[in-house]
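User: Please take a close look at one helix and the parts that pack around it. I want numbers and cut-offs, in short sentences.

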Amino acid sequence: VLTSIVDGMKPGRPETTRCAAVIALDNSLKFCRRNFDVDDERNVIMQNLCEACQSANMQTRVKALECLGRIAELYYKHLPAYMQAIWGLTTVAIQQSIQGGDEDIGKAALEFWSLVCEEE
């Protein structure tokens with residue numbers, strides 16, 4: 001099931017499919033502990049989720065950033081390898097929000113860092 005979810009998040013899929021896949025991933029994260037413990041599987045999940053954070057579709061981007069926050073809550077110990085990329089994604093989201101973009105994207109990006117602070 002997780003393979004299909006991650007496949008649905010890939011760039012090139014219809015945006016409605018990508019958004020639904022991100023939501024499905026978010027809803028299934030608590031069952032993915034074994035997958036997050038395997039480097040290759042975690043890397044594929046995180047790569048596709050980070051790509052979804054760059055979607056042209058605002059709803060997909062917001063849901064992807066929210067999903068990153070849930071990952072921070074559940075699998076914080078695995079995040080250090082991705083912090084540089086997440087920093088870049090959230091910084092862009094916040095800057096775009098400040099410059100008149102979608103406010104929800106900026107909120108989701110800030111919420112990620114708030115959740116990281118809670119885990120620290």
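The answer below should cover helix 5 and its packing partners, with the aromatic pairs included.

Analyst: This is a predicted model, in which local features need pLDDT of at least 70, side-chain atom pairs count only at pLDDT 80 or more, and totals for chains, interfaces and linings use all residues. Residues are numbered from 1 along each chain as its sequence is written, and side-chain values use heavy atoms, with hydrogens and water left out.

Start with the helix itself. Helices are DSSP runs (H or I, at least four residues), numbered from the N terminus. Helix 5 covers residues 58–75. The expected span is 1.5 Å times one less than the number of residues. For the 18 residues of helix 5 that gives 26 Å, and the end C-alpha atoms are 25 Å apart, which agrees.

At the start of helix 5, Asn 57 places a side-chain oxygen within 3.0 Å of the backbone nitrogen of Gln 59. A polar contact is a pair of N or O atoms within 3.5 Å; within protein, one must be able to donate a hydrogen and the other to accept it, and residues adjacent in sequence count only if both atoms are side-chain atoms.

Next, burial. Buried means under 20% relative accessible area, exposed over 50%, and partly exposed in between (1.4 Å probe, protein chains only). The buried residues of helix 5 are Thr 60, Arg 61, Val 62, Ala 64, Leu 65, Cys 67, Leu 68, Gly 69, Ile 71, Ala 72 and Tyr 75. They pack against helix 2 (15–28), helix 3 (33–37), helix 4 (39–52), helix 6 (83–98) and helix 7 (103–119). Contact here means heavy atoms within 4.5 Å.

Two of these partners deserve detail. Axes are lines fitted to C-alpha atoms, for helices over the stretch in contact, and angles run from 0 to 180 degrees between N-to-C directions. Angles under 35 degrees count as roughly parallel, over 145 as roughly antiparallel, 65 to 115 as roughly perpendicular and the rest as oblique.

Helix 4 packs on helix 5 at about 140°, with the axes 8 Å apart. The two are therefore oblique. Met 46, Leu 49 and Ala 52 of helix 4 meet helix 5 residues including Thr 60, Ala 64 and Ile 71.

Helix 7 packs on helix 5 at about 5°, with the axes 9 Å apart. The two are therefore roughly parallel. On the helix 5 side, the residues that meet helix 7 include Met 58, Leu 65 and Glu 73. Among those they meet in helix 7 are Ile 105, Phe 112 and Glu 119. Helix 7 has its own buried residues, among them Gly 106, Ala 109 and Val 116. Their cover includes helix 5 and helix 6. At the start of helix 7, a side-chain oxygen of Asp 102 comes within 2.8 Å of the backbone nitrogen of Asp 104.

Last, the rings. Rings of Phe, Tyr and Trp (its six-membered ring) pair if their centres lie within 6.5 Å; planes under 30 degrees apart count as stacked, over 60 as edge-to-face and the rest as tilted. The whole structure holds three aromatic pairs. Phe 36 and Tyr 75 have ring centres 4.3 Å apart and planes at 5°, so this pair is stacked. Phe 36 lies in helix 3 and Tyr 75 in helix 5, so the pair ties together parts 39 residues apart in sequence. Both Phe 36 and Tyr 75 are buried. Phe 112 and Trp 113 have ring centres 4.8 Å apart and planes at 85°, so that pair is edge-to-face. Phe 112 is buried, at 1% relative accessible area. Trp 113, at 22%, counts as partly exposed. Ring pairs join Trp 87, Phe 112 and Trp 113 into a cluster.
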